[in-house]
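This report describes the disulfide bonding of one protein chain and its setting in the fold. The structure comes first, and the text follows.

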Amino acid sequence: MRFAIMFAGLALAGCAQNAEYKAERDAQARRELASALGDRVPGKQQDCINPGMSDGPQIIDTRTLIYRQGGRLYRNDLVAECPSLAPLTTVIVVMRGSQLCRNDQFSVLTPGTSIPSALCRLGKFTPYTRPAG
């Protein structure tokens with residue numbers, strides 16, 4: 001009986017640490033996104049961007065990527081969470097045409113591994129530009 005209570009206590013402590021880590025990672029992602037976007041304002045969402053003129057992606061969190069084209073940034077909110085997406089991972093996109101588009105699939109390669117993750121999908125691209133003035 002004591003073992004079961006001790007095990008339950010350890011499980012709850014692990015859940016608390018996991019929740020604490022997730023909250024800290026979410027806060028870090030919000031700071032990174034705010035830093036990347038700065039004072040830029042969002043424009044109309046679009047389905048595709050030209051990948052040849054883009055730097056990136058910058059991985060913000062498991063649902064958000066940033067692509068840079070000069071002074072313009074494109075925020076991509078993925079169709080669904082991509083659990084393997086994390087800082088220092090490599091995004092491998094499977095393009096179906098000459099542009100990077102909504103619903104294009106990608107996998108993630110973690111440093112030190114040779115097997116990519118399951119496929120994830122890009123969402124719409126929201127352009128962010130600096131306000132005129």
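Cysteine 82 and cysteine 120 are both buried. In this predicted model, these two residues form a disulfide with their sulfur atoms 2.1 Å apart. The torsion about that S-S bond is about 70°, so the link of cysteine 82 and cysteine 120 is right-handed. The pair joins distant parts of the chain, 38 residues apart. Cysteine 82 lies in the loop between strand 5 (72–77) and strand 6 (90–94), while cysteine 120 belongs to strand 9 (residues 120–121).

A disulfide is also formed by cysteine 48 and cysteine 101, whose sulfur atoms are 2.0 Å apart. The link of cysteine 48 and cysteine 101 is right-handed, with 110° about the S-S bond. Here too the pair connects distant parts of the chain: cysteine 48 sits in strand 2 (residues 48–49) and cysteine 101 in strand 7 (residues 100–101), 53 residues apart.

How do cysteine 48 and cysteine 101 fall with respect to burial? Cysteine 48 has a relative accessibility of 23% and therefore counts as partly exposed, because buried requires under 20% and exposed over 50%. Cysteine 101, with a relative accessible area of 17%, is buried.

The two bonds are set out below.

| Disulfide | S-S distance | Torsion about S-S | Separation in sequence |
|---|---|---|---|
| Cysteine 48 and cysteine 101 | 2.0 Å | 110° | 53 residues |
| Cysteine 82 and cysteine 120 | 2.1 Å | about 70° | 38 residues |

The count for the model comes to two disulfides. What is the pairing when the bonded cysteines are numbered in sequence order? The pairing is 1-3, 2-4.

As for the fold around these links, the chain contains one helix and ten strands. Along the sequence the elements follow the pattern α-β-β-β-β-β-β-β-β-β-β. Contacts between residues 24 or more positions apart make up 50% of the chain's contacts with a separation of 6 or more.

The chain has 133 residues, of which 29% count as buried. Its accessible surface comes to about 8,500 Å², and carbon and sulfur atoms account for 58% of that area.

Notes
Residues are numbered from 1 along each chain as its sequence is written. This is a predicted model: local features need pLDDT of at least 70, side-chain atom pairs count only at pLDDT 80 or more; totals for chains, interfaces and linings use all residues. Side-chain values use heavy atoms; hydrogens and water are left out. A disulfide is a pair of cysteine sulfur atoms within 2.5 Å. Helices (H or I, at least four residues) and strands (E, at least two) are DSSP runs, numbered from the N terminus. Buried means under 20% relative accessible area, exposed over 50%, partly exposed in between (1.4 Å probe, protein chains only). Contact means heavy atoms within 4.5 Å. Accessible areas come from the Shrake-Rupley method with a 1.4 Å probe; for residues, only the protein chains shown count as cover.
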